Amino acid sequence: MEYISTRGHIEPVSFKEAVMMGLAADGGLILPNPIPTVDPKTLEDWKKLSYPELALEIMELFVNDIPGEDLKALIVEAYRTFDTPEVTPVVDMGKFNVLELFHGPTLAFKDIALQFLGNLFSYILRGTGETMNILGATSGDTGSAAIYGVRGKDNINIFILHPHGRVSEVQALQMTTVSDKNVFNIAVEGTFDDCQSIVKAIFNQLDFKARYRLASINSINWARVLAQIVYYVFATLKLEEQTGSDICNFSVPTGNFGDIFAGYLAKRMIRPKIGRLILGTNENNILTRFILEGRYVIGDVVSTISPSMDIQIASNFERYLFYLYDQDAERVRFAMEQFEKEGIIKFSREERSTVRNDFASVSIDQASTLSAIRDIYQDCGYILDPHTAVGVAAALRLAPDLPEGPAVCLATAHPAKFPDAVRKAIGREPDRPDSLKGIELKSSRCKILPADIDEIKKYIEKHAI
Ligand SMILES: *Cc1c(COP(=O)(O)O)cnc(C)c1O
């Protein structure tokens, strides 16, 4: 197993190098070469495994430079923070199943990758005796999951920028009530776009970046995709045990294409057990238009009740493009450069049919999202968060076109993280899980700074490890 870039201009690297690289040095994204496949006998054996045991088996296929015992310890430590030993339980709702991915410390699916990545970063740094400073911007879920991923680590400090007063109260408190001394929350007097452009500008100052060993924790890191492959395989095997059906379909509420790309890799690994991958989008539907119309065209971002999917440029899309183009890195590079200049990529008839074989898709507007929350609550007494509701609505709408076999809808956040949307749909707020009870009463800590690069750099300089 080696790692290559979608743009073809790096020497192959090992797993640890790929993790530390984040973005490939040639501007592309890192991918494993080749994609491993799993034979039916092994899959049969895997049915007996717990989630952490299965994670170890799957990750060992991709990790070539960490001893098995160490990898096991990293995995066990990552998933010990979840509030159920199953880690990602599957709940039967009759017409479909819900794969609950929100049992981690910040109640969103990003914990599954970031609990692992935080431990992995710290482990790799221990090996080299180095330290790092993570810098990121968040509009909500990513920031708290990243903070919980590295809190208390003695060789990592983390700086997370969020727009002051513009993230939900719960989301702000999840970040600012973490009291570990390596955690630095910065509330920027500006918008999320201001936060993001400040982070981008700082990363572009290469001497500053090198001096403080700045690292990013965004969704393009290969280790995040890897950790997410596990629950697709876990749910498929579990449902095969329970229902006897040997094909499983998945519906995935999508923003950056990270989560569903993990599903695409899982499908290639355990073919033919994963049937259709349904890509659900909200009104920010660049990916749905890509699948249905065969053109990847940028549009304007609109704010919705599923804010973690309010994205137009899907940062993991390039990974899929690499396979759609039969691993032709030069073509990927050309297409991405074209997209940057002109905001569009077009596809041939043959490519369009490959895409429609790989994915089904539908865009769900906010009214339909709210109705899905209401309908499922009335029918099943189960409360969906607005992101999950997009995936459920998509699965129900496309149900007639799916192959036989259970449909699994990924539940990407706990509904208590989005009480306003839920109240709008069903007239009451969801019950809070223990981790959110009384969060307003905890002491919180956060530095308010103007949307000014120099001020923020000064703050980082003062607190960097
Ligand atoms: C990040 C996020 C998504 C979208 O995931 P992608 O990997 O960006 O497609 C969906 N739902 C929730 C709750 C999220 O936090």
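A polar contact is a pair of N or O atoms within 3.5 Å. Keep that cut-off in mind as we walk through this structure, which is a predicted model.

Let's start at the ligand. One of its oxygen atoms sits 2.8 Å from a polar backbone atom of Gly255, so this pair falls inside the cut-off for a polar contact. An oxygen atom of the ligand also lies 3.4 Å from a polar backbone atom of Gly258. With Thr412 the partner belongs to a side chain: an N or O atom there is 2.8 Å from a nitrogen atom of the ligand. How much of the ligand does the protein bury? On its own the ligand exposes 380 Å², and the protein buries 97% of that.

Now look at the residues around the ligand. There are 15 of them, and the closest are Lys110, Asp141, Gly255, Asn256 and Thr412. Sorted by character, the shell holds five nonpolar, seven polar and three charged residues.

From here we can follow Asn256, one of those closest residues, to Asn316, which touches it. Asn316 is found in the loop between strand E11 (295–297) and helix H13 (317–324). Is Asn316 buried or exposed? Its relative accessible area is 0%, so it counts as buried. Setting aside residues up to four places away in sequence, Asn316 touches Leu29, Ser219, Ile220, Val225, Asn256, Phe257 and Gly258. Gly258 is a residue we have already met, through its backbone atom 3.4 Å from a ligand oxygen. The side chain of Asn316 also makes a polar contact of 2.5 Å with the side chain of Arg319.

Another path leads from Asp141, also among the closest residues to the ligand, to Gln171, which is in contact with Asp141. Gln171 lies in helix H7 (residues 169–176). With 3% relative accessibility, Gln171 counts as buried. Apart from neighbours within four places in sequence, its contacts are Ser139, Gly140, Asp141, Lys417 and Phe418.

Next comes helix H5 (residues 110–128), which contains Ile112. Ile112 is buried too, because its relative accessibility is 0%. Which residues does Ile112 touch, not counting those up to four places away in sequence? They are Tyr51, Tyr79, Phe82, Thr88, Leu101, Ala227 and Tyr231. Take Tyr231 from that list: Ile112 and Tyr231 are 119 residues apart along the chain, with 9.2 Å between their C-alpha atoms. For another pair, try Asn316 and Val87, which are 229 residues apart along the chain and have C-alpha atoms separated by 25 Å.

Helix H18 (residues 419–426) is a good place to think about the sides of a helix. Its buried residues are Pro419, Ala421, Val422, Ala425 and Ile426. These residues cover an arc of only 160° around the axis, so they lie on the same side of H18. There is a simple rule behind patterns like this: an α-helix has 3.6 residues a turn, so residues three or four places apart point the same way. What does the buried side of H18 pack against? Its partners are helix H16 (366–380) and helix H17 (386–398). The face turned away from the buried side carries the exposed residues Asp420 and Lys424. Just after H18, Gly427 takes a positive phi of about 80°.

Positive phi values bring us to two residues other than glycine. Val87 has a phi near 65° and is located in the loop between helix H4 (68–79) and strand E3 (90–92). Asp326 has a phi near 50°, and its loop runs between H13 and helix H14 (329–342). Are these two residues buried or exposed? Val87 is buried, since its relative accessible area is 1%, whereas Asp326 counts as exposed because its relative accessibility is 69%.

Let's finish with two cis peptide bonds. One joins Asn33 and Pro34, with omega about -5°. Pro34 belongs to the loop between strand E2 (30–33) and helix H2 (40–46). Another cis peptide bond joins Arg271 and Pro272, where omega is about 0°. You can find Pro272 in the loop between helix H11 (258–270) and strand E10 (274–281).

Note on methods. Residues are numbered from 1 along each chain as its sequence is written. This is a predicted model: local features need pLDDT of at least 70, side-chain atom pairs count only at pLDDT 80 or more; totals for chains, interfaces and linings use all residues. Side-chain values use heavy atoms; hydrogens and water are left out. A residue is near a molecule or strand if one of its heavy atoms lies within 4 Å of it. A polar contact is a pair of N or O atoms within 3.5 Å; within protein, one must be able to donate a hydrogen and the other to accept it, and residues adjacent in sequence count only if both atoms are side-chain atoms. Accessible areas come from the Shrake-Rupley method with a 1.4 Å probe; for residues, only the protein chains shown count as cover. Ala, Val, Leu, Ile, Met, Phe, Trp, Tyr, Cys and Pro count as nonpolar, Asp, Glu, Lys and Arg as charged, and the others, Gly among them, as polar. Helices (H or I, at least four residues) and strands (E, at least two) are DSSP runs, numbered from the N terminus. Buried means under 20% relative accessible area, exposed over 50%, partly exposed in between (1.4 Å probe, protein chains only). Contact means heavy atoms within 4.5 Å. The arc is that of the directions from the helix axis to the C-beta atoms.
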